[in-house]
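Biologist: I'm new to this structure and would like a close look at one part of it. Could you take me to the second largest cavity and then show me what lies around it?

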Amino acid sequence: MPPFRDEHILIIAPGTQTTLAQLGLPESFTPAANRFPTRMFLAPDGKSYEPYKVCSQKKEKAVANGEGADVEMAGTTEEPKVEEDEEELVEYPEDDEGAIWPLKEGRIVDMPAFFAFLQHIHNTLSPTLHTPVMLIGQPVWTAKNHEDITQFIFEKFKTPALCIMDSALATFYAFGIQSGSATVIDVGYEKVDVTAITDFQISSRGRVPLSGGEAMTLRLQKLLQSKGFTRDMAEQLKRTPICEVLVPGTPLPGTELVEADAVSNPAAAASTGATSSGPSVKITEPPRGVEHDIAEDEFGNGEDKAVDDDGVLDVASIVASGKTQEFLAKKEKEKAERSALRKANKEREAAEAAAAKPVRLPNSKRPRAMFHYEEVIKEPNAKRQKTPEPVTATEETAPAVVGEATSAEEAPPSAVEGTIAEQQKNLKKDARRKAWEEENPDRVRRDIEIGLERFQAAGDGMLDAIADTIYRTILSVDDVSKRQEAWESLIICGCGSKVRGFKESLLATLNNRYLVSPSSATMFMSELPSNLATPSGTGSMTPTASFASTPHPPPTASAVNPLLLAATTAQNPALNPGLQASYNAGSHSHSSHSQSPTNIKTAAPPTYFPEWKQYEEALFLGSQVAAKTIFVVDQGISKGFLSRVEFNEEGPGAIHQVGLVF
């Protein structure tokens with residue numbers, strides 16, 4: 001078989017809502033060049049399928065002698081002829097009404113529609129006959145699904161080679177984990193798939209149904225039902241930065257217990273104006289110095305006169321008095337005090353100016369935020385209404401301490417500057433809004449104020465259910481020694497994980513529920529002497545009376561419960577040198593007794609693909625890496641794909657004999 005070329009490889013990654021496809025492999029792997037909505041429509045004949053909604057409508061009546069028609073001779077009495085009504089087919093690419101979605105939670109629920117969809121992608125990209133196909137399969141596809149798809153692609157596409165690769169393995173290939181073990185958490189549209197991979201092969205699977213991105217959308221819609229939210233509004237809100245999943249244990253904004261400004265440190269309040277003391281306390285006033293009465297010295301000159309008459313003092317009388325050093329020291333002290341006072345005044349003015357400026361709070365600290373909803377105008381010819389101005393500010397600001405000024409003259413300069421900056425900011429917002437309305441004539445923007453509901457998208461125990469599935473999936477791995485490696489390489493992907501804070505919250509949930517610290521082994525220290533071995537069933541390790549010189553030596557690390565010590569040191573034998581020696585005597589050995597992880601972390605994404613900034617769709621990157629390896633580098637030596645010759649000899653069932661299927 002002649003070798004395949006990079007530009008001839010066709011990659012298709014079907015999803016429940018969107019399918020990624022690309023013809024050819026670029027020199028540096030990039031995100032998918034084509035995105036197709038995974039839907040089809042019944043044609044007007046009711047038998048075939050169309051990629052877009054097609055409706056028939058009557059043509060407008062055209063007059064025969066209308067504009068552009070031939071001019072009739074004068075004096076004729078014939079009336080203008082009207083053409084008979086005709087129907088024409090019109091496509092609506094953006095309309096989803098009446099669409100057939102072949103995939104439901106990853107499962108193929110309508111195989112004819114799915115075949116028609118694959119044919120639509122093939123016709124759109126128009127590959128050559130010598131084009132191998134890399135198809136990314138969902139974890140729930142059955143063996144019968146693989147055989148039916150194999151037969152369809154070979155018979156319809158005339159492809160020379162086909163590879164069906166699992167989506168979890170494709171994601172694993174994208175991250176290039178050297179240990180060969182990882183756990184892939186794919187947060188999809190209506191489900192969450194969890195796959196444990198050890199030694200570059202799938203070991204166990206788990207699934208959370210009725211979860212994922214759609215579940216979060218429906219929950220937002222339910223919480224905001226009182227404000228008239230529709231599904232489209234909830235979907236747009238979920239994709240904005242103001243929708244966030246807070247880490248478990250983080251209080252909602254506005255629910256914290258706010259204590260009154262009670263003075264806990266009177267000394268600090270008297271000296272600096274602060275209500276308490278500590279490194280986190282902000283001092284708002286300069287230190288208050290001690291006031292001294294102005295007294296005259298022996299020369300009859302007070303301190304105020306010395307300050308006013310600096311440089312014109314009677315030097316002769318000062319020298320004659322014999323107190324020159326004391327006088328000079330006093331003058332230096334006065335200069336230092338004046339310098340410190342000027343510096344304190346400057347710092348106070350700078351602090352007041354900074355306090356007058358609005359301080360932008362993070363989203364997790366704002367009890368309310370403004371949501372800009374973009375609504376599609378169903379009637380393009382309708383007159384656009386002016387976008388209403390928001391009632392409240394777009395950003396919550398921290399309370400600023402400003403003097404009670406009733407006019408512009410009484411207001412401090414910092415407050416006036418802040419007001420001017422706010423006006424300029426509003427003018428820029430209005431200019432951007434008008435420019436957006438001109439660019440999108442078929443859309444209108446509405447500003448809606450959202451409260452704490454935007455932090456509850458992943459409620460109803462969603463994170464707990466996903467964490468429990470991850471734990472059970474990794475616990476099902478047969479090779480116990482590989483479980484810790486799977487915990488240390490979690491890959492959270494899928495478009496449902498794009499919600500702000502979702503990954504961090506899931507990782508925090510896993511750490512809170514299942515993480516076991518190795519230092520907890522010291523809690524099970526035994527008071528038995530360290531030289532007493534643990535008895536075994538054979539009686540060969542029965543304790544003897546060979547004690548050390550000290551009758552009761554202090555407990556050491558070797559006095560730890562042996563089962564717990566083995567569980568916490570199984571992944572690092574160097575911490576327990578006696579583990580191998582104690583088990584080598586038997587024919588069967590266990591490398592670990594661990595049920596819970598000692599370390600949980602996510603895998604670091606690759607940094608050598610400059611076009612990839614986000615890795616929620618990493619399965620497409622992994623499919624490119626696998627296609628390059630299987631079709632170009634390996635060329636069938638490792639049985640990575642099914643060739644046409646093998647298909648003709650053995651039929652579609654031969655797809656189970658090649659790699660990267662399960």
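Modeller: Here is a walk from the cavity out to the cores and loops around it.

A word on ground rules: this is a predicted model, so local features need pLDDT of at least 70 and side-chain atom pairs count only at pLDDT 80 or more, while totals for chains, interfaces and linings use all residues. Residues are numbered from 1 along each chain as its sequence is written, and side-chain values use heavy atoms, with hydrogens and water left out.

Let's start with the space itself. Rolling a probe the size of a water molecule over the atoms shows where empty space is left. Here a cavity is a set of points, on a 1 Å grid over the protein atoms alone, where a 1.4 Å probe fits but cannot get out; lining residues have an atom within 4 Å of a point. Grid points are joined across faces, edges and corners, and a volume is the space filled by probe spheres set on the points. The whole structure has 3 cavities of 30 Å³ or more, and the second largest holds about 50 Å³.

Who lines that second largest cavity? The residues are Pro-139, Ser-167, Ala-168, Thr-171, Val-184, Asp-186, Asp-193, Thr-195, Cys-493 and Leu-619. By class that is 5 nonpolar, 3 polar and 2 charged residues (Ala, Val, Leu, Ile, Met, Phe, Trp, Tyr, Cys and Pro count as nonpolar, Asp, Glu, Lys and Arg as charged, and the others, Gly among them, as polar). Helix H3 (167–175), strand E12 (182–187) and strand E13 (191–198) each bring at least two lining residues, and H3 gives the most, with 3. Helices (H or I, at least four residues) and strands (E, at least two) are DSSP runs, numbered from the N terminus.

H3 and E12 turn up again in the largest nonpolar core, where each supplies at least two residues, as do strands E1 (10–13), E10 (133–137), E11 (161–166) and E17 (490–493) and helix H16 (618–634). H16 provides the largest share, 10 residues. A nonpolar core is a set of buried Ala, Val, Leu, Ile, Met, Phe, Trp, Tyr and Cys residues joined through side-chain atoms within 4.5 Å; buried means under 20% relative accessible area, exposed over 50%, partly exposed in between (1.4 Å probe, protein chains only). Of the 40 residues in this core, Met-134, Phe-175 and Phe-631 touch the most other members. Leaving aside residues up to four places away in sequence, Phe-175 is in contact (heavy atoms within 4.5 Å) with Ile-491, Ala-603, Ala-604, Pro-605, Pro-606, Tyr-615 and Ala-618. A second, separate core has 39 residues, among them Phe-229, Met-233, Ala-234 and Ile-492.

Met-233 and Ala-234 are also among the buried residues of helix H5 (231–238). Helix H4 (213–223), strand E15 (369–376) and strand E16 (443–450) are part of what covers them.

Follow E13 onward and you reach Asp-199, in the loop between E13 and strand E14 (201–209). Its phi is near 55°, a positive value in a residue other than glycine, and Asp-199 is partly exposed at 42% relative accessible area. Phe-200 lies in the loop between E13 and E14 too, with a positive phi near 65° and 48% relative accessibility, which counts as partly exposed.

Key:
On a 1 Å grid over the protein atoms alone, a cavity is a set of points where a 1.4 Å probe fits but cannot get out, and a pocket is an open set with protein on both sides within 12 Å along at least five of seven lines; lining residues have an atom within 4 Å of a point.
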